Every structure is written in structure tokens, then in C-alpha cells.
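Subject: Structure for you to look at

Hi,

Here is the structure I promised to pass on, with the sequence alongside. My notes on what turned up follow just below.

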Amino acid sequence: MIPIIDLRGNVIAFGGRVMDDSVPKYINTSDTPVYKKSRAVFALNFAKNGNEGKLILAEGYMDVIALHQAGFTNAVAGLGTALTGEQAQLMARYAQEIILAYDNDEAGQKATRRAIEILGKTGVKIRVLTLRGGKDPDDIIKKHGRERFQSLLDGAANDTEFKLSAERAKHDTDTTDGRLNYLKAAAGVLAEIDSPIEVDLYASNLASEFGVEKSAILGQVTE
């Protein structure tokens, strides 16, 4: 049984997790007059203090507990639902940067893309952790220790780099068609960026890597 604690230090709900393979894996307190899971963030009562303006957003209780035990006391998680706008706004009150550390499976990557979209509306800086060597933060810390997780944190990509990497994985850039389709998809990613300087920088990098004119990429961006 895991207590859910509000920002004032009051226990307002509980999360139950099985210790074997039975289902359901989690059983959580239903919404009550004092607890709305769409508005609460697990461990934010601890993470909001001394976090240097940064939060690590993981998927579940066990990841957050493992991260805190390893010294990453700015880790938090949602509460049994997809990230909500209310949770994003709450975290944005206590951090200027949020690092997404969701599981590296397909569901986790889908949740990452959704979280980027929601967090992007708050104005916080977003970075995305690539979990190499384990399926989730808990697994990585158990297998490789806190130093490995710290190195992954240090190398976390920003949200644009994550999106470009995700698009690149869909295409075989060793072929002409693959390169063409990737560059079109990459232009779509750049079209979502508000900063002209950032667009220009990424367009320059793509042009240099693939041997095309930057103006061609920028033209695709504005179409």
C-alpha cells in the first residue's frame, strides 16, 4: 500500500500494487471530495522542494520510489491515468524543466508523445530520457546503479530531438525514398516549432547531414 500525499503533507488516498503477477496490477482509491487523481501528482510534496527547477516525470509509483531511494528526489508520477492538463499545470508551478522518463515500450513512447503535447502548453522546457539498458527507471537503477541513470539524464534529448528521432526510426535513411520521406516528416516536426532560430538550426543540421539545400527543407516547413 502506497500513500498518496497532497502538497500540505496530508494522506488523501492510497495506491495498492500486487507483489506477483496477478491482475489487476494496481488498485487505487477512487475519486473522493478531497482526492481527484486527474489533479494530483505522486510525490510532488517531496519533489517540489530543492529540485533546482527540474522534475523527472516517470510512469508509476515504483519508478518514483526507486528514483528517490537513489537520490533523485525530484521524481514524480501521474496517478493511474494519462497525464492531464491539470497535472501539467501543477508541475509547471514548481519547475521550469520537466524530464520525461516513461517506459521504453510502445505504450510508454505513446505516453511520451502525449505528455510532450500537454506539457508544451505550459511553457516548461521538456527533455526526454532514452532508457538504454532497461525497460524503466527502476529496472535501470537495479541493474546498473544510479550513475548510469545520471548519465542518461545528462544526455536527455529535448522534445524536438525526440520527435525527429521517432520519425527517423520509421524510415530507412539508407535509401533515397527513405531519406525523402524522413525529411518530409522532419519538416512537419519543425513546422510545430515557434522559434524561427530553432527551426533554422535544425534545418541546417538536416541539410548538412543529408546533403540537401537548407532552403528546400525550410520551403517544406512553410508549406
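Two strands are said to pair if DSSP finds at least two bridges between them. Please keep in mind that this is a predicted model.

With that in hand, let me start with the sheet. Strand S6, residues 97-101, pairs with S7 in the parallel sense, and 4 bridges link them. Along this pairing, Ile98 stands opposite Ile126 in S7, and Leu100 faces Val128 of S7. On to the next pair: S7 and strand S8 (residues 157-158) run antiparallel and are joined by 2 bridges. There, Arg127 stands opposite Asn158 in S8.

Taken as a whole, the sheet is open and has 5 strands, in the order S5-S4-S6-S7-S8, with mixed pairing. Strand S5 (75-77) and S8 stand at the edges with a single partner strand each, so one side of each is left without a neighbour in the sheet.

How are S6 and S7 connected? Together with H4, they make a right-handed β-α-β unit.

Helix H4 is also where Ala115 is found. Ala115 has a relative accessible area of 0%, and it counts as buried because that is under the 20% cut-off. Not counting residues up to four places away in sequence, Ala115 touches Leu83, Leu100, Tyr102 and Gly120. Leu100 in that list is the residue that stands opposite Val128 in S7. By way of a long-range distance, the C-alpha atoms of Ala115 and Lys184 are separated by 24 Å, with their positions 69 residues apart along the chain.

A second alanine worth a look is Ala88, placed in helix H3 (residues 85-92). Is Ala88 buried or exposed? Its relative accessibility is 0%, so Ala88 counts as buried. Leaving aside neighbours within four places in sequence, Ala88 is in contact with Leu83, Ile118, Leu119 and Thr122. As for Thr122, its C-alpha atom is 7.0 Å from that of Ala88, although the two are 34 residues apart along the chain. Leu83 is touched by Ala115 and is also in contact with Ala88.

Now for the pockets, which I expect you will want to open early. The largest pocket has a volume of about 710 Å³. It is lined by 29 residues, and those closest to its centre are Tyr26, Glu59, Gly60, Tyr61 and Asp63. Strand S3 (26-28), helix H2 (61-69), helix H4 (106-119) and helix H5 (137-144) each supply at least two residues of this lining. Which of these gives the most to the lining of the largest pocket? That is H2, with 6 residues. By residue class, the lining divides into 12 nonpolar, 6 polar and 11 charged.

The second largest pocket has a volume of about 580 Å³. Its lining is made up of 23 residues, and Ile116, Asp159, Thr160, Lys163 and Glu192 lie nearest its centre. H4, strand S7 (125-128) and helix H7 (159-168) each supply at least two residues of the lining of the second largest pocket. H7 gives the most here, with 6 residues. This lining divides into 7 nonpolar, 5 polar and 11 charged residues.

One link to take away: H4 supplies at least two lining residues to the largest pocket, does likewise for the second largest, and takes part in the β-α-β unit with S6 and S7.

Happy browsing, and all the best!

Technical notes
Residues numbered from 1 in each chain as written. Predicted model: local features only at pLDDT ≥ 70, side-chain atom pairs only at ≥ 80, totals over all residues. Heavy atoms only, no water. 1 Å grid on protein atoms, 1.4 Å probe; cavity = no way out; pocket = protein on both sides within 12 Å on 5 of 7 lines; lining within 4 Å. Points joined across faces, edges and corners; volume = space filled by probe spheres on them. Nonpolar A, V, L, I, M, F, W, Y, C, P; charged D, E, K, R; others polar. Buried < 20%, exposed > 50% of the residue type's maximum accessible area, 1.4 Å probe, protein only. Contact = heavy atoms within 4.5 Å. Right-handed = clockwise from strand over helix to strand, strands pointing away.
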